[in-house]
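Please look through the following briefing with the sequence and the structure side by side. The points are grouped by topic, beginning with individual loop residues and then turning to sheets.

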Amino acid sequence: MANRRKAFNFRSGLQVDNDNFVINANGFVGIGTSVPEIYKLNVYGDTRTTGLTTTRDLYVSRNVEISGITTVGVLTASSIDIANGVNVSGALTAATLKLANGETVDNLIGFARTTFITDNGGVGFHTSSKLGISTTTSPGTSDPEFSVFGNANVTGIITATTFSGNVTGNVNSSGVSTFTELKVGTAITMSAGIITATTFSGNVTGNVTGNVNSSGVSTFTELEVGTAITMSAGIITATTFDGDLTGNLTGNVNASSGISTFTELEVGVASITNADVGIGTFNDLRIDKSSDASLVITSSTNSSVSIGESVSAGNSSAQLLYSPLTGRLDINNYDVGGVNINLHEGTGAGTTESFSVSYNNTKQFKVTYDGKVGINKGNDILEKALEVEGDMSISNNANISGILTVGQGGNTVTFGDGSSLPISASQNFNTSSGISTFNDFNVSNELTVSQDALFKSSVYIFGPKVGIGTTNGSEFKTGPDSLIMQANGSIWTDNGFYTAGKVIITNKADGSAYTDDDRIIPSSPIDYGALVPYVNYGDFQAECGGASFIANNLMLVPSIGVATVGFGTTNGLLIPQSFLPGGNRYLSKVGINTYYSRGLVDIGAASPTMNSYVIIPTLNQTDVNTVATLWETPANTGHPDSKKTTPDGVPGGALLYNATKDKIQVRNTASSFRNLSPVVAFATINGGSLVGTDGYNIGLSNSGNNANFTFSSALQSANYTVMVSSGSTTESYTVPESQKNTSGFRVSFSPSDADEQNYTVMILQI
């Protein structure tokens, strides 16, 4: 059987004899025991292997005897007894090491391939090899005999003929120490006879090259910088200063020629910075001279003087500004206050002069100290409160509480008889000759003209006729009967236009309306004159290229409406007065592309050269559901108007286009629409279950032999037909009246169960 494949499967384990070889149900293997446990392999007895044994971890609770050579990567033991030698290729770790001569080595901290030799009773040791500390490689032939790779702390004295490298810490020498470069910390460097330091503290003897900068005090008996600057006894003497001066300046700055320039100069609490002058709390800015004094501000652009709390003409400041570009002087007040000029503000005696504005030394405007104002009066002495030389124009109202006299000499007109204006009832204007001309003439009550009045070029009034834009009545249109007013141009009214007669917009030259009936009505053999509807253009005609009504609601009613039951009380619009019992029951009719309407709405002619179709409102299914329930959903926008106009829900005959279903739908219930089709519901049933992708308006639940169908939207009546198709033939069933209602119907299968059937149903309702 050596060349045959074998496969054994023991669910509950395997046992050979009592304890020779056991595999229990947990997968534990026992050799020499019948109860293997804990370990996958349990061997009770000696184990021999002639090949290689590989294991991840090896644990030996007692002795390990090795007669040959043992190679160990890492060996850890509490103690090692070396009798014949141990070959360790990796690391050897032991608390104690017992040598072959019986000696014990403990506290072993290092090793060397060339061992250290101790003598003098173990006081010292020596080796003929080079020594390297804190390194993983042996020193090379070019390396020194002793190398420390890291820090070395020596509490005694280190003696060497030379030192090579950086020295950190204190260097104490009684002789001469020579360094190519010596650094003390990071602040001082000595190289080639030059000491470089960030700070110096103490006396410096010799020349100092570079900057001397100290956060404390640098003290020199005398300090010379080149040949230009000398500092001695607290005084700095220099031929010139260039740069910032920090600290107090003692002594005078005197330049007999040239300009002394300072980035910033402070004198007491005043400062001059970049040509800005700041003044503190002393005498501010004062110019004191025995002769004429002046303050001159010049600039190639704008020159200004700003006063106030804000800088550069802020909101709490004022400004005096001259602009050479415009040649104008502006006085600007940036705050909410005004500009006030006080004459004789002081207490001195003397005649107070006036405030005046002059041009070429001629006074154009003057205000005297006692309140008189003169305009263009020159140097005349003012006697009235207001005197104007020249024309005066007032664009709005003028209020005069006294007498107004217009004219010169004897040819004057006086308004008012001494009483206050407006003119008293006793005032009379009587002009027997001449023409009185008014630019605007306003009559608050009644205007009576004894003869014809002629308004040249704009208005014509003659007897009962009024013409606007014409000077005579011969231009009036002749078409309209008894035309009493004509306007040649547009007329605008901002409060509506009312008429009790016709409204005609016509393009006829004489202005007449359209009344002709151009049809040829046959009179033989029967006179159809009385039977043919009269072509009536109506009292509202618009003959134009196009007409638009921009409104929220457009209504056509035959007469005034009457109150009817609605949401509250609706006044009109629903029932015309003529439609009441006993009325003529005439309604409004709308005709499009026809001269008379053959029904309530008549879309007459159509044309294949244009889009000759009617577009009804289009909504998707979500919007259809919203519109259908708008009258009963107060939270939706538009509910109040919907409730007022359709208080009982969607009215019968309502049509719309459902874009989701691509169907024209008609009102189904007060809150739903259905397809405009006799098919009100259909479904396909496989194995007694509805096929979800092939059904409409129907649900199904089976109970034994009965299939119970329910409409998703109830029908208006139970007058409908159910078509049932099963297999390859189609049979029509009339479901008994007792098995159908507006909510659904029942189909019975006998003797089979309903949940085993495959069939289709279609419900028709006219």
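## Loop residues and two sheets

Asn360 is exposed in this predicted model, with a relative accessible area of 63%, which lies over the 50% that marks an exposed residue. This residue belongs to the loop between strand 24 (355-359) and strand 25 (362-367).

**Asparagines with positive phi**

- Most residues other than glycine have a negative phi.
- Asn360 has a positive phi of about 55°, although it is not a glycine.
- Asn697, likewise not a glycine, has a positive phi of about 60°, and its place is the loop that runs between strand 45 (689-696) and strand 46 (699-703).
- Is Asn697 buried or exposed? Asn697 counts as buried because its relative accessibility is 12%, and the cut-off for a buried residue is under 20%.

**A glycine in a loop**

- Gly473 is found between strand 32 (465-468) and strand 33 (485-487), in the loop that links these two strands.
- With a relative accessible area of 25%, Gly473 is partly exposed, since this category covers values between the buried limit of 20% and the exposed limit of 50%.
- Gly473 and Tyr460 are 13 residues apart in sequence, and their C-alpha atoms are 7.6 Å apart in space.

**The sheet of strands 21, 22 and 23**

- Three strands form an open sheet in the order 21-22-23, and their pairing is antiparallel.
- Strand 21 (303-308) and strand 23 (328-333) are the edge strands of this sheet, each of them pairing on one side only.
- Neighbouring strands here are turned against each other by 10° on average, with direction ignored.
- Six bridges join strand 21 to strand 22 (residues 317-323) in the antiparallel sense, and within this part of the model Ser306 stands opposite Gln319 in strand 22.

**The sheet of strands 15, 16 and 17**

- An open sheet of three strands, again with antiparallel pairing, has the order 15-16-17.
- Which strands stand at the edges of this sheet? They are strand 15 (222-225) and strand 17 (235-238), and each has a single partner strand, so one side of each is left without a neighbour in the sheet.
- From one strand to the next, the twist in this sheet averages 10°.
- Strand 16 (residues 229-232) pairs with strand 17 in the antiparallel sense over four bridges, and Met231 stands opposite Ile236 in strand 17.

Note on methods
Residues are numbered from 1 along each chain as its sequence is written. This is a predicted model: local features need pLDDT of at least 70, side-chain atom pairs count only at pLDDT 80 or more; totals for chains, interfaces and linings use all residues. Side-chain values use heavy atoms; hydrogens and water are left out. Buried means under 20% relative accessible area, exposed over 50%, partly exposed in between (1.4 Å probe, protein chains only). Two strands pair if DSSP finds at least two bridges between them. Axes are lines fitted to C-alpha atoms, for helices over the stretch in contact, and angles run from 0 to 180 degrees between N-to-C directions.
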